[in-house]
Structure formats: structure tokens, C-alpha cells
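Work through the exercises below with the sequence and the model side by side. Each task is followed by a solution that proceeds step by step.

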Amino acid sequence: MPYRTIIEPFRIHTVQAIDLPTLPQRREAIERAGYNLFGLHADEVIIDLLTDSGTGAMSSRQWAGMMVGDESYAGSRSYFRFRDVIQDITGFSEVIPTHQGRAAEKILFTTVVTEGQVVPNNTHFDTTRANVEYQNAEARDLVIAEGRDPAAEHPFKGNMDVEALIDLVEDVGRDKVPVVMVTVTNNSGGGQPVSMANLRAVRDVCDTYDIPLFLDACRFAENAWFIKQREKGYADRTPKEIAQEMFSLADGATMSAKKDGLSNIGGFLAMNDEALAQECRNLLILTEGFPTYGGLAGYDLEAIAQGLTEVLQEEYLQYRIRSTAYLADKVGAAGVPIVRPPGGHAVYLDAKEFLPHIPAHQYPAQSLAVELYLEGGVRGVEIGSVMFGKPQADGSELPAPMELVRLAVPRRTYTQSHIDYVGEVVIAVAERSDDMRGYRILEQAPWLRHFTATFEPL
Ligand code: F0G
């Protein structure tokens, strides 16, 4: 189209009202929640950018699919549709449905990882890391140096440092590395993509040492779009062809269908190794359900099958990636520090730059996230030392490499004016950042503490 504006490639069919809590109401709510945004009632939030996971709008075709869902316990028709769509995109012969991504992780790592082993990833997502650590194994992040520098411009900041991967395997020995994971796009590192060339290089290392390679494929379609836009030789390929090539380089994948499955729940574990799949299915039956539904309803399987088809449409991906970049452009133009270039599903505010007067152990990104809520009812999520700080034996804490607030954009949910409003809120907070203070943790859980910790302002 000859116009500058990329329009939403859909029209609205059903709407949900948004409550508009006042500033005193927001103040009361955040105090009650112990300054943890996960503790808010969703009705206390105006624009919810906590996550892009399961929060998107389904299409009329997905809802229609739900009406033909087959709820048979074993051999459901909906399972075969789900399996066929996933086999077509991924090429993996074994397709195991799970109720969401972390269930696939739990089953995979319980099956392949043992105590004392090391799992490399470009950057582990929090549940992925926790599931590795739960096996008493180590989760090692090996993203390239640019991926750890918010201001560095690089087209594929999610790439894995291939030399570091080789060094790791040489150092600990092949037998200590049961699987290599690559997360596309690299969520905890700013939603940054991984190039096909990098995936191929990681594949070569895995071939050399005979280690299986699994993709954490939650946002595989967004990654495919970035490859189409940024990597030489892919401009004329369809997102589906690119996705197929990405998966062809791996031995398996874990997937949360709550992201690029365009669904509100669901996930899967897929692979080529039949014997391993059998072991995984045995565990699936114990924890999720029979292998043809795996913790999902038949109608969920239909919604996911249809979602995985829609997510690879070019008009959708163009709108999707552009709407995230639009928010980044808006706040970036006002001088607000963000991870550059913007990620696929989210804009990441750089709280270290934003609040240089708040040290890491006083959680600058938590402070910024709370302030965005107080200012405009915008809920983002801290991805910094609250989420990834490592408590040390002496009671101190090793800070996370970056202090970020992620503003994740739910798929097909908010319009341009919602995003304009978010931009205005971020800019208003930026103008009074000098007055903001840090936080102290009052209570915390032994793992994944960010979900339930409570805080006190300093
Ligand atoms: N891997 C990545 C890269 C993720 O982003 C997530 C979830 C998971 C695995 C786990 O999937 O939630 O279905 O169990 N990310 C969400 C987020 C929660 O907000 O980024 P799940």
C-alpha cells in the first residue's frame, strides 16, 4: 500500500470495557499489593502490558474452531488437526500437547537433564531457568556481548555466542551438556531475534559434539519476520518458509502457544527422537494428561492450530512488529532510554540509564514499573535484579546484568490510541525520574520470587 500508516489488519468484533481507576485508587491498590504489580487485580490496571502471554485477542476463525472442538479423551480429531499444523511448520514428527510452555520445559528437562549438568541458552526465560535449576543443573546464558548492552545496535542481538558455547562444552565436557537451547526471540534479552546464520552455527557445534538442539520457540513467527526483514537472502521467502528452515536446524522445541500460538492457553513439546518422546509422554500422562490432549481441552487444540496458521500471515506480522516499534519510536524520540532496536513483542525501558541514582540492590526497574502504574495505570514487568538477582551466601546479592522494565504488547488487543497513551505516561514519568526512590524486599519465595515478593519503598 502506498501509505505510511500500517493499519491493524482486522476490525473489532467484540469489545471488553476497561476500568479507569483514579490516582488515589491506584495508590491504595499498589500499597495493598506490597508494591508488586503481580498482586494487583487486573481491574485496577488501565493498560496491561504485564505480558504478551495468553492476553491476545483470538480471531473469529479461532472462536469458530472452538465450536468444532472434539472433546474425546483419546484420539480427538482436534489433536490430529493440532499435530498436523505443528508438523507442517516444524517438521518434527513427535508432537506432545501441554497446558503451557513451562509444562513442556518441565517434561523435557526432567527427562534429559540430571544433577550437575549445564544447559546453555542464549538467555533462559525465568521459568526455563527455574526448571533447569530445579533439576540441580546450571542454566548458562551465552548471548553475544551486544545482547547484554541495551544501547548497542545489532540486527540479531539474540544470537548465541558460538565461541562461548564451544568453550563451555570443552570446559565442562560433552557429557555435562545434555541439550543446547536457543530462545527465539530472546525474551529476557529484550525480545531480540536470532539469525538463521547463528542458528546454523549453533547447529554445527551441536553436530560436532553430538548434542541435541532445542528451540524455545514461543515467538518463532516474530523471529521469522525479523529474519525476513534483516537477513540477506530471506526478503523473498514467506514467514512460514523461514520458520520451517529455523525448525529444520533443531532436534526439537518447547512452545508456549500463549504467544505465537495466538491463544489464551496451551503449548507443546515437539521433537524427532521417538524414544525420547515416549519417555516424555510417560511423564505427560502423570502430570498433564493423555498424549492427545495433554492438559488442554479439544477446543484449545483447535484454537492453537488456527492461531499457528494466522500468526505466519505477512499482514499480521508486519502490523505486529510495527506496533511495537511505534511505541519504541515514540518514547525513544522523547529521550527515554530503551533497549535498541525494539524487540518483537515488547519495548524494554532501561532503568539503569533512567534512574542512575538508584543502585541495583534497590531495584531501579521495580521502582520504574511502580511509577508507570501510579502515573497512568500502565502495568509493565520488572526484568532486572528482582527477577534475576542471585542471593549470595553472605546475604548480599549478585545483580542482574540489566535492569529493564518490559512493556509487552498483547497481540491484536490494543489500538494505536492506547499505545499513544502509554507513550505519554512513560514520558511523564521520565520527566520526574530524579524524584524516584528504590525499594527493599520484605518477603520472598526461594525461586521465581518476582511473582510474589513484597516490597517497601525506601
Ligand atoms: N519461554 C519463553 C521465552 C517465555 O517467554 C515464556 C513465557 C515461557 C518459556 C514459558 O511459557 O508461560 O506458557 O509457561 N513467557 C511469559 C512472559 C510468561 O511474560 O514473557 P508459559
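**Exercise 1. State how many salt bridges lie between domain 1 and domain 2, and examine one salt bridge by its atoms.**

Solution. Take a salt bridge to be a side-chain nitrogen of Lys or Arg within 4 Å of a carboxyl oxygen of Asp or Glu; between domain 1 and domain 2 the count is then seven. For a single case, turn to R320 and E222, whose side chains form a salt bridge with an N to O distance of 2.8 Å. The model is a predicted one, in which local features need pLDDT of at least 70 and side-chain atom pairs count only at pLDDT 80 or more, while totals for chains, interfaces and linings use all residues. Residues are numbered from 1 along each chain as its sequence is written, and side-chain values use heavy atoms, with hydrogens and water left out.

**Exercise 2. Describe the interface of domain 1 and domain 2, starting from the domain bounds.**

Solution. First, the bounds, which come from an automatic or database domain assignment, place 23–52 + 313–457 in domain 1 and 60–310 in domain 2. The C-alpha centres of the two domains are 26 Å apart. Next, with contact meaning heavy atoms within 4.5 Å, domain 1 contributes 30 residues and domain 2 contributes 38 residues. The buried area, that is, the accessible area (1.4 Å probe) that two parts lose on being put together, summed over both, is about 2,800 Å², and carbon and sulfur atoms give 58% of it.

Then turn to polar contacts, each a pair of N or O atoms within 3.5 Å, where within protein one must be able to donate a hydrogen and the other to accept it, and residues adjacent in sequence count only if both atoms are side-chain atoms; 17 residue pairs, both at pLDDT 80 or more, meet this rule across the interface. Helices (H or I, at least four residues) and strands (E, at least two) are DSSP runs, numbered from the N terminus. On the side of domain 1 that touches domain 2, α12 (314–333), β9 (346–350) and α15 (385–388) each give two or more residues, and α12 gives the most, with six residues.

**Exercise 3. Explain why the salt bridge of D88 and K240 ties together parts that are far along the sequence from each other, giving the separation in residues.**

Solution. Over the model, the salt-bridge count comes to 29. In the pair of D88 and K240, the closest N and O atoms are 2.6 Å apart. Since D88 lies in helix α3 (residues 77–90) and K240 in helix α9, the pair ties together parts that are 152 residues apart in sequence.

**Exercise 4. Locate the cis peptide bonds that V184 and R340 begin, and find where the residue after each lies.**

Solution. The bond from V184 to T185 is cis, with omega near -20°, and T185 belongs to the loop between β5 (180–183) and α7 (196–209). The peptide bond joining R340 and P341 is also cis, its omega being about -20°, and P341 is placed in the loop between α12 and β9.

**Exercise 5. Determine the sign of phi at D210 and the loop that holds this residue.**

Solution. Phi of D210 is near 60°, a positive value in a residue other than glycine. Along the chain, D210 is found in the loop between α7 and β6 (213–216).
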